[in-house]
Amino acid sequence: MHEMSVALAVVEQVEEAAARAGDVTAVRSVRLQVGELAGVVPDALAFSFELACAGTLLEGAELITEAVPGRACCQPCALDWAVGMPPRLTCPECGKACTDLLAGRELQILDVYWEDGGPTHTPTREPISEER
Ligand SMILES: [Zn+2]
């Protein structure tokens, strides 16, 4: 399941960031940016995330997903449009297939809120990698 591997990668990244930070006792929430074209179903991801968090520092953490609408552009026409769902990847002006995606493939952690007695932190913003 695609969402499960994403959830596991998120948990792994947060655990690594928490380990680097030191005395983190619990993770409250994780904010994740999810592009419309990233192929992730938010409900399935929320479910997988809960499972992936069990028994880790993230147990009980809330997953907040921020959807990023897909946008594509056509260079010759200097036009960009919302691709929508299902995605429209041909230029509305000239009808040619577009190869430039401006947004929509995002899959990365924006913020993590955890408890260590100090202020909240933002980990490094690395895209989620599913290569394991
Ligand atoms: Zn065009």
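How far apart are the end C-alpha atoms of H2? Keep that in mind as you open the model; the answer comes at the second helix.

**Before you start**

This is a predicted model, in which local features need pLDDT of at least 70 and side-chain atom pairs count only at pLDDT 80 or more, while totals for chains, interfaces and linings use all residues. Residues are numbered from 1 along each chain as its sequence is written.

Colour the chain by pLDDT, the predictor's confidence in each residue, from 0 to 100. The mean for the chain is 89, and 89% of its residues reach 70 or more. Where pLDDT is low, the predicted coordinates should not be read in detail.

Now switch to a cartoon view. You should find 2 helices and 6 strands. Helices (H or I, at least four residues) and strands (E, at least two) are DSSP runs, numbered from the N terminus. Read from the N terminus, the elements go α-β-α-β-β-β-β-β. Among these elements, confidence is highest in H2, at a mean of 96, and lowest in S5, at 92.

**Stop 1: helix H1**

Select residues 2-21, which form H1. Its 20 residues should span 28 Å at 1.5 Å a residue (the expected span is 1.5 Å times one less than the number of residues), and the end C-alpha atoms are 29 Å apart, which agrees.

Next, show the side chains of Glu3, Val6, Ala7, Val10, Val11, Gln13, Val14 and Ala18, which are buried. Seen down the axis of H1, these buried residues fall within an arc of 165 degrees, so they line one face of the helix. The arc is that of the directions from the helix axis to the C-beta atoms. A residue is buried if 20 or more other C-beta atoms lie within 10 Å of its own, exposed if 12 or fewer, and partly exposed in between, with C-beta atoms placed from the backbone. Turn to the other side of H1 to see Ala19 and Arg20, which are exposed.

What covers the buried face? S1, H2 and S6 are among the elements in contact with the buried residues of H1; two residues are in contact if their C-beta atoms, placed from the backbone, lie within 7 Å.

Pick Ala9, also in H1. Ala9 counts as partly exposed because it has 19 C-beta neighbours inside 10 Å. Then add Ser129: the two residues are 120 apart along the chain, yet their C-alpha atoms are separated by 6.8 Å. Just after H1, Gly22 takes a positive phi of about 105 degrees.

**Stop 2: strand S1 and its partners**

Move on to S1, residues 26-35. On one side look for S6 (residues 107-115), which runs antiparallel to S1 and is joined to it by 8 bridges. Two strands pair if DSSP finds at least two bridges between them. Label Val27 and you will see Trp114 of S6 standing opposite.

S1 also pairs with S2 (residues 62-68), here in the parallel sense, over 7 bridges. For a marker on this pairing, select Leu32, which stands opposite Thr65 in S2.

**Stop 3: helix H2**

Select residues 42-53, the helix H2; together with S1 and S2, H2 makes a right-handed β-α-β unit. A crossover is right-handed if, with the strands pointing away from the viewer, the path from the first strand over the helix to the second runs clockwise.

Here is the answer to the opening question: the end C-alpha atoms of H2 are 16 Å apart, which agrees with the 16 Å that its 12 residues should span at 1.5 Å a residue. The buried residues of H2 are Leu45, Ser48, Phe49, Ala52 and Cys53. They cover an arc of only 130 degrees around the axis, which puts them on the same side of H2. These residues pack against H1 and S2. Just after H2, Gly55 takes a positive phi of about 80 degrees.

**Stop 4: around strand S4**

Find Ala78 in the loop between S3 (71-74) and S4. Ala78 has a phi near 50 degrees, a positive value in a residue other than glycine. Most residues other than glycine have a negative phi, and most peptide bonds are trans. Ala78 counts as exposed, because it has 8 C-beta neighbours inside 10 Å.

Ala82 lies in S4 and touches Pro69, Gly70 and Arg71, not counting residues up to four places away in sequence. Finish at Pro86, in the loop between S4 (79-82) and S5 (100-103), where a cis peptide bond joins Met85 and Pro86, with omega about 0 degrees.
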